[in-house]
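Biologist: I am new to this structure and would like to learn how to read its features one at a time. Could we begin with how a charge and a ring are judged together?

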Amino acid sequence: MSDGEQAKPRRRRGRRRGRRAAGPPQQIAADDSSPQTTAEPSPATQADNVKPRPGKANRPRQDRRAPARLRTVHETSAGGLVIDGIDGPRETQVAALIGRVDRRGRMLWSLPKGHIEQGETAEQTAIREVAEETGIQGDVLAALGSIDYWFVTEGRRVHKTVHHYLMRFSGGELCDEDVEVTEVAWVPLAELPRRLAYADERRLAEVAGELIDLLQSDGPAALPPLPRMAPRRRPQTHSHTRNRRSDEAGPRQSGPRTNGCGPGT
């Protein structure tokens, strides 16, 4: 190095600083000359910043209690398809149906039926329920079949079986005296597949047509024998309470048959 050249001072390297945390730089007030200090986090803040370790201990505890089991109840009912003019031509035969309005406001047509009470057989129940829900009387001719289904009500799981019978109209006036029945009507047999709301009952109507043909061709002796059923010994728990009108209807007057209230022929 020559005399005219001066040695350049060595650059002093300071201590290696740590990396800055990600985020915008901290602003320092212009009139604050004191050095900035970082406050230590409180124990509560440190606890909040602790990341949970993966594992079973940090998983939400599941409710290990088993769901409450519904009590199963078995109910048995009986009803009938009452035919007026059963010995005459098919185009003049009519059946008694009941109509109820569902929650959507639709009219649903079905066969009259009800619970078998203590001391009754299924046939006796069918005759009584037909009289209570339609106001007419019928004689049991043959068994149409049974329908069973499940539903849940009032915290119970109900298995219901309904026995149906083919019945001959024997008298009375068609009228909706039962408060649970919205309408009653005489419906031509040909309209039953379209009028009945439930597929199981539509199939029973087909069986009724076959039995009526057998009755007209070969007589009552050709009908299959009724199944033997003993009277019910114990009362059964109904899925709902049936409310009926307190006032009893007076004597029925004779007259032409109508859809709705009116006597049969």
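Modeller: A charge sits over a ring if NZ of Lys or CZ of Arg is within 6 Å of the ring centre and within 35 degrees of the ring normal. Please keep in mind that this is a predicted model. In it, the charged end of Arg157 is placed over the ring of Trp150, at 4.1 Å from the ring centre. Another case is Arg195, whose charged end sits over the ring of Trp109, 5.6 Å from its centre.

Biologist: Let us turn to pairs of charges. How many salt bridges does a search of the whole structure find?

Modeller: The general idea is that side chains of opposite charge can pair when their charged atoms come close. Searching the whole structure gives twelve salt bridges. One of them joins the side chains of Glu201 and Lys113, with 3.1 Å from N to O. This pair links distant parts of the chain, since Glu201 belongs to helix 4 (residues 199-218) and Lys113 to strand 4 (residues 113-115), 88 residues apart.

Biologist: Are Glu201 and Lys113 buried or exposed?

Modeller: Both Glu201 and Lys113 are buried.

Biologist: Which residues are joined into one network by salt bridges that share partners?

Modeller: It helps to take the bridges singly before joining them. Arg128 forms a salt bridge with Glu120, and the closest N and O atoms of that pair are 2.6 Å apart. Arg128 also forms a salt bridge with Glu129, where the closest N and O atoms are 2.9 Å apart. Glu120 counts as buried because its relative accessibility is 13%, and Glu129 is buried with a relative accessible area of 1%. Through shared partners, Glu120, Arg128, Glu129 and Glu132 are joined by salt bridges into one network.

Biologist: How should I read a pair of aromatic rings, and how many aromatic pairs are there?

Modeller: A pair of aromatic rings is described by the distance of the centres and the angle of the planes. The count here comes to two aromatic pairs. One is formed by Phe169 and Trp186, whose ring centres lie 5.4 Å apart and whose planes stand at 90 degrees, so the pair is edge-to-face. Phe169 is in strand 6 (residues 156-174) and Trp186 in strand 7 (residues 183-188), 17 residues apart, and the pair thus links distant parts of the chain. Phe169 counts as buried at 11% relative accessibility, while Trp186 is buried with a relative accessible area of 2%.

Biologist: What does Ala96 touch, not counting residues up to four places away in sequence?

Modeller: With those neighbours set aside, Ala96 touches Val82, Pro112, Ile136, Leu174, Ala185 and Trp186, the last of which is also the partner of Phe169 in the edge-to-face pair. Ala96 itself is found in strand 2 (residues 94-101), and it counts as buried because its relative accessibility is 1%.

Biologist: Which element gives the most to the largest nonpolar core?

Modeller: A nonpolar core is built from buried residues whose side chains are joined by close atoms. The largest nonpolar core has 24 residues, and Leu81, Leu144, Leu166 and Leu192 are among those with the most contacts inside it. Strand 1 (71-84), strand 2, strand 5 (136-153), strand 7 and helix 4 each supply at least two residues of this core, and helix 4 gives the most, with six residues. Leu81, apart from its neighbours within four places in sequence, is in contact with residues including Leu144, Leu166, Leu192, Ala205 and Ala208. There is also a second, separate core of 18 residues, which includes Ala78, Val82, Val94 and Val181.

Biologist: Is His164 buried or exposed, and what is His164 in contact with?

Modeller: His164 lies in strand 6, and it counts as buried because its relative accessibility is 1%. Leaving aside neighbours within four places in sequence, its contacts include Lys113 and Glu201, the two residues whose side chains meet in a salt bridge.

Biologist: Where is the place of Leu226?

Modeller: Leu226 is in the loop between helix 4 and strand 8 (262-263), and it counts as partly exposed because its relative accessibility is 30%. Leu226 and Glu123 are 103 residues apart along the chain, yet their C-alpha atoms are separated by 9.2 Å. Glu123 is among the residues in contact with Leu226, as are Val140 and Tyr165.

Key: Residues are numbered from 1 along each chain as its sequence is written. This is a predicted model: local features need pLDDT of at least 70, side-chain atom pairs count only at pLDDT 80 or more; totals for chains, interfaces and linings use all residues. Side-chain values use heavy atoms; hydrogens and water are left out. A salt bridge is a side-chain nitrogen of Lys or Arg within 4 Å of a carboxyl oxygen of Asp or Glu. Helices (H or I, at least four residues) and strands (E, at least two) are DSSP runs, numbered from the N terminus. Buried means under 20% relative accessible area, exposed over 50%, partly exposed in between (1.4 Å probe, protein chains only). Rings of Phe, Tyr and Trp (its six-membered ring) pair if their centres lie within 6.5 Å; planes under 30 degrees apart count as stacked, over 60 as edge-to-face and the rest as tilted. Contact means heavy atoms within 4.5 Å. A nonpolar core is a set of buried Ala, Val, Leu, Ile, Met, Phe, Trp, Tyr and Cys residues joined through side-chain atoms within 4.5 Å.
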